[in-house]
Amino acid sequence: MLKMTTTITTAERGQNNAGDDADTIVLSRTKTSSKKPSLYKVLLLNDDFTPMDFVVQVLERCFNKTREQATAIMLAVHNTGVGVCGVYTYEVAESKVGSATSMARQQQHPLQCIMEKE
Ligand code: TYC
């Protein structure tokens, strides 16, 4: 919820401002945000070189998956070519792609992590 406050002084109303607080009125209105943020899927792509146990570690560390969830996602990527790590707002998705990619590059693995609008 976003609260907007407008203060109008006598000076702004083009009247004499004698420094009197009684000449200041405060208009308040409360606006409920009606727009939901766009969501983005973060995807892992298969490759022939990144070790399976490393992909499981990325899913645990960057995407907060349990060992069992991480193993299932890794195998789905290995078998089908692509898999969803999670769905996030733009900034969170961008940050997770960055974390997963930098973890992979640090170990010189070619793992590809991308984001895609839902
Ligand atoms: N295909 C890889 C292997 O056989 C494992 C792998 C799984 C790589 C998922 C990337 O996103 C990936 N070692």
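**Exercise 1. The shell around the ligand**

Which element gives the largest share of the shell around the ligand? Work it out, then describe the contacts that the ligand makes.

*Solution.* A word on the model before we start. This is a predicted model, in which local features need pLDDT of at least 70 and side-chain atom pairs count only at pLDDT 80 or more, while totals for chains, interfaces and linings use all residues. Residues are numbered from 1 along each chain as its sequence is written, and side-chain values use heavy atoms, with hydrogens and water left out.

Step 1: list the shell. A residue is near the ligand if one of its heavy atoms lies within 4 Å of it. The residues that surround the ligand are Leu44, Leu45, Asn46, Asp47, Thr50, Met52, Val55, Met74, Val77, His78 and Leu111.

Step 2: assign them to elements. Helices (H or I, at least four residues) and strands (E, at least two) are DSSP runs, numbered from the N terminus. The largest share of the shell, three residues, comes from α2.

Step 3: sort by character. Ala, Val, Leu, Ile, Met, Phe, Trp, Tyr, Cys and Pro count as nonpolar, Asp, Glu, Lys and Arg as charged, and the others, Gly among them, as polar. On that basis the shell divides into seven nonpolar residues, three polar and one charged.

Step 4: look for polar contacts, meaning pairs of N or O atoms within 3.5 Å; within protein, one must be able to donate a hydrogen and the other to accept it, and residues adjacent in sequence count only if both atoms are side-chain atoms. Leu45 places a backbone N or O atom 2.8 Å from an oxygen atom of the ligand. The side chain of Asn46 has an N or O atom 2.7 Å from a ligand nitrogen atom. For His78, a polar side-chain atom lies 2.9 Å from a nitrogen atom of the ligand.

Step 5: check the cover. Accessible areas come from the Shrake-Rupley method with a 1.4 Å probe, and for residues only the protein chains shown count as cover. The ligand taken alone exposes 350 Å², and the protein buries 89% of that. The elements that give two or more residues to the shell are β3, α1 and α2.

**Exercise 2. The nonpolar core**

Find which element gives the most to the largest nonpolar core, and follow one core residue from there.

*Solution.* Step 1: define the core. It is a set of buried Ala, Val, Leu, Ile, Met, Phe, Trp, Tyr and Cys residues joined through side-chain atoms within 4.5 Å. Buried means under 20% relative accessible area, exposed over 50%, and partly exposed in between (1.4 Å probe, protein chains only).

Step 2: read off the members. The largest core has 23 residues, and Val42, Leu44, Val58, Leu59, Phe63, Leu111 and Cys113 have the most contacts inside it. Two or more residues each come from β3 (39-45), α1 (52-63), α2 (67-80), β4 (82-89) and α3 (90-106). The most comes from α1, with seven residues.

Step 3: follow Leu59, which lies in helix α1. Leu59 counts as buried because its relative accessibility is 0%. Contact means heavy atoms within 4.5 Å. Beyond its neighbours within four places in sequence, Leu59 is in contact with Leu44, Asn64, Lys65, Ala70, Ile73, Met74 and Cys85. Its C-alpha atom is 8.2 Å from that of Ile73, a residue 14 places away in sequence.

**Exercise 3. Positive phi in the loops**

Compare Asn64 and Gln108: where do they lie, and are they buried or exposed?

*Solution.* Step 1: check the backbone. Asn64 is not a glycine, yet has a positive phi of about 55°. Gln108, also a residue other than glycine, has a positive phi near 55°.

Step 2: place them. Asn64 lies in the loop between α1 and α2, and Gln108 in the loop between α3 and β5 (112-117).

Step 3: judge accessibility. Asn64 counts as exposed because its relative accessibility is 61%. Gln108, at 70%, therefore also counts as exposed.

**Exercise 4. The whole chain**

How many helices and strands does the chain have, and in what order do they run?

*Solution.* Step 1: count three helices and five strands. Step 2: from the N terminus on, read β-β-β-α-α-β-α-β. Step 3: add the overall values. Of the 118 residues, 26% count as buried. The chain exposes about 8,200 Å², and carbon and sulfur atoms supply 50% of it.
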